[in-house]
Amino acid sequence: MPAKKKINFAKAFEELEEITQWFDSEENLDLDKGLKQFERGLELAGELKKKLSEVENKVESIKEKFAG
Amino acid sequence: MDPHVLSVAQYLDLVNQALRQVPSDQTVVEGEVSDFRIAQGKWVSFDLKDEQEEAVLKCFMTTWQLKVQIESGMRVQVKGYPKVYERFGSFKMNVQEVAPVGEGALRRAYELLKKKMEAEGLFDVSRKRSLSRFPERIGLITSRDAAAYGDFLRILNNRWGGVVVEHAHVHVQGRQAVKEIVGAFQYFNALSESERPDALVLTRGGGGLEDLHAFNDEGVARAIFSSSIPVVCAVGHERDESLADFVADVRASTPSNAAERVVPSRSDVSYEIETMARHMEERMRDHIEMRSRVIERATGSISFILERQKERFRAAHERLMVAGEDWLPLIRSELEGLARVLRQVDPKRVLARGYSIVTVNGAVVADASKVGVGQEVGVQLAAGSFDAQVTRVDGKGQQKLV
């Protein structure tokens, strides 16, 4: 089983999308919250980009025989 | 010697015993179907005829044994046990398996099964599920000897990384194919939630109807239909179609196309991430610039907050330096621009150059006519502040003491 310490790409991407959307939906953006969101967004973008550089896919052969 | 006297039942029992001597396991009977009928939705009966000689074999089976669609006029091979049915005194073959013979019959059986499944709603677009955009585990059902296996993995590796591909090796044609494919679907669907793949890919190269029989098998189609994991099916070349294709949630044209459907491309996603980051940054900058103009007017007490914001930027900036991706310098330079804007509007920097800010009751005074002689004002310097009394305004007021 793969270690679960790796970030979940789908979840991180979704969070980044939400933050980006938040910036557009706020009419009067609160500077303090904006900065917090911006930092989080950049952090996510950085992690996602790092994850993108993973080249390998792992193939696991299932030992089970499927013949009846 | 007196003949044995047997009851009818006893006699038929004897005949049936004798019929068991027929090597049924190793025998298939080929002929043309006629008078095909299904009674009460369960009992299937038809005659198997020779075209040349006048010979008829009455056949009987249940709908559960009937894995393919049969109709009168179709050429088939049947396998089963001969038996005399006591109640009707009729000789019939108890059919275990029936298979169409020849391209024409196969084509016809395929069309009939397709029509039946379509009517049942197995191909309904409304039940098709979408795939998760960023799968972590993919179940691959194909033969490791098939070209499809290599094609799929090659394109998968070109596009995306970090995925665990669980490969279930199955025959994609031949006698074992159906059982193994159905078994693989059962295996994946029986896995616990955490081990379960995000998508299943069933694939093989192209071929004729005979080669594709497993992908046109009702059992395989139903296994796809009832899979709780979304299924991508890819058979051969663009033109090939199979029932498995129609039932699957996503129909890919080739094994390579299956890989394209199941994972996104790195470059697309990379671009998307950059665009989002830049968009956030632009929105942030717009707001900071807007705020800066407000701050410029208010000055004084705001400088503390401004200082904190700058600190936050510096910290974010430093983290970006550490991340050090080639797309980051762009955002980094943008951030530096922002910091510069903030520095320029920071009243403390202005004060450091020898200027001071005069306030009356906390409000900044920018116009001498707004203060009167004798009024007390606050003066803020780069270091410290003091209060003072106005003695003259625009040269008018108390005499200058020499």
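**Chain B and its contact with chain A**

In this predicted model, chain B is built from 11 helices and 16 strands. Chain B runs to 402 residues, and 30% of them are buried. Looking at contacts in chain B between residues at least 6 apart in sequence, 63% turn out to link residues at least 24 apart.

Helix 5 of chain B, covering residues 218–225, gives a handy view of how burial plays out in one element. Its buried residues are Val220(B), Ala221(B), Ala223(B) and Ile224(B). These four sit on the same side of helix 5 of chain B, because the arc they cover around the axis is only 160 degrees. As for what lies over them, the cover for the buried residues of helix 5 includes helix 2 (102–120), helix 4 (177–190), strand 9 (231–235) and helix 6 (243–247), which belong to chain B.

Then there is the meeting of the two chains. Chain A puts 37 residues into the contact, and chain B puts in 41. On the side of chain A that touches chain B, the elements giving two or more residues are helix 1 (9–25), helix 2 (31–52) and strand 1 (58–61) of chain A. Helix 2 of chain A gives the most here, with 14 residues. Sorted by type, the residues on this side of chain A come out as 20 nonpolar, 7 polar and 10 charged.

The two chains also share strand pairing. Strand 1 of chain A runs parallel to strand 7 of chain B (residues 164–169), and 4 bridges join the two. As one spot to look for, Lys58(A) stands opposite Val164(B) of strand 7 in chain B.

Note on methods. Residues numbered from 1 in each chain as written. Chains lettered and ligands numbered in written order. Predicted model: local features only at pLDDT ≥ 70, side-chain atom pairs only at ≥ 80, totals over all residues. Buried ≥ 20, exposed ≤ 12 C-beta atoms within 10 Å, placed from the backbone. Contact = placed C-beta atoms within 7 Å. Nonpolar A, V, L, I, M, F, W, Y, C, P; charged D, E, K, R; others polar. Pairing = 2+ DSSP bridges. Arc of directions from axis to C-beta.
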